[in-house]
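Here are some exercises to work through with the model open beside you. Try each task before reading its solution.

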Amino acid sequence: MLEVDKNTFQSEVLEAEGYVFVDFFGDGCVPCQALMPFVHEMADKYGDKLKFTSLNTTKARRLAIGQKILGLPVMAIYKDGEKVEEVVKDDATQESIEAMIKKYI
């Protein structure tokens with residue numbers, strides 16, 4: 001799981017070839033913290049087929065807003081720099097996250 005920031009998001013996600021999973025999380029986001037071990041488990045399980053990254057939106061607010069991240073948690077899949085799918089807030093369950101990942105591997 002690669003932690004990206006406002007300096008590396010462009011190269012690691014937007015300029016990456018193929019599919020990239022991004023876990024948008026915040027410091028005070030309890031659901032984000034609850035999902036994090038599961039997301040890391042998915043990274044271990046599917047990391048050879050999909051690039052897994054995470055972005056702390058508390059430290060990159062402008063970037064998050066630019067990516068239309070208006071609430072947390074958000075798990076998104078990018079392909080060749082474009083967001084192709086995301087699960088947001090209450091829809092971000094372990095089942096929905098894994099189902100989304102499986103569509104793109």
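**Exercise 1. Find the kink in α2 and compare the length of the helix with its expected span.**

Step 1: α2 has a kink of about 40° at Met36, shortly before the proline Pro37. The bend at a residue is the angle between axes fitted to the seven residues ending there and the seven starting there. Helices (H or I, at least four residues) and strands (E, at least two) are DSSP runs, numbered from the N terminus.

Step 2: The expected span is 1.5 Å times one less than the number of residues. For the 17 residues of α2 this should give 24 Å, and the end C-alpha atoms are 25 Å apart, which agrees.

Before going on, a word on the source: this is a predicted model, in which local features need pLDDT of at least 70 and side-chain atom pairs count only at pLDDT 80 or more, while totals for chains, interfaces and linings use all residues. Residues are numbered from 1 along each chain as its sequence is written, and side-chain values use heavy atoms, leaving out hydrogens and water.

**Exercise 2. Work out the strand order of the sheet and name its edges.**

Step 1: The sheet is open, with 5 strands in the order β1-β3-β2-β4-β5 and mixed pairing. Two strands pair if DSSP finds at least two bridges between them.

Step 2: β1 (2-4) and β5 (82-88) each have a single partner strand, so one side of each lacks a neighbour in the sheet.

Step 3: From one strand to the next, the twist averages 25°.

**Exercise 3. Describe how β2 pairs with β3 and with β4.**

Step 1: With β4 (residues 74-79), β2 (residues 19-25) pairs in the antiparallel sense over 6 bridges. Asp23 stands opposite Met75, and Phe24 has Val74 as its bridge partner.

Step 2: With β3, the pairing of β2 is parallel, over 6 bridges. Here Phe21 has Phe52 as its bridge partner.

Step 3: The chain passes from β2 through α2 to β3 in a right-handed β-α-β crossover; that is, with the strands pointing away from the viewer, the path from the first strand over the helix to the second runs clockwise.

**Exercise 4. Trace what packs around α2 and decide whether Thr53 is buried or exposed.**

Step 1: α2 (residues 30-46) lies across β2, β3 (51-56) and β4, at about 160° to β2. Such angles run from 0 to 180 degrees between N-to-C directions, with axes as lines fitted to C-alpha atoms, for helices over the stretch in contact.

Step 2: The buried residues of α2 include Leu35, Met36, Phe38 and Val39. Those buried residues pack against β2, β3, β4 and α4.

Step 3: Thr53 lies in β3 and counts as buried because its relative accessibility is 0%. Buried means under 20% relative accessible area, exposed over 50%, and partly exposed in between (1.4 Å probe, protein chains only).

Step 4: Beyond its neighbours within four places in sequence, Thr53 has contacts (heavy atoms within 4.5 Å) that include Met1, Val13, Phe21 and Asp23.

**Exercise 5. Locate the backbone features in the loops around β4 and β5.**

Step 1: Leu72 and Pro73 are joined by a cis peptide bond with omega of about -5°. Pro73 sits in the loop between α3 (61-66) and β4.

Step 2: Asp80, in the loop between β4 and β5, has a positive phi near 50°. Its relative accessibility of 42% makes Asp80 partly exposed.

Step 3: Lys89, in the loop between β5 and α4, has a positive phi near 45°. At 46% relative accessibility, Lys89 is partly exposed.
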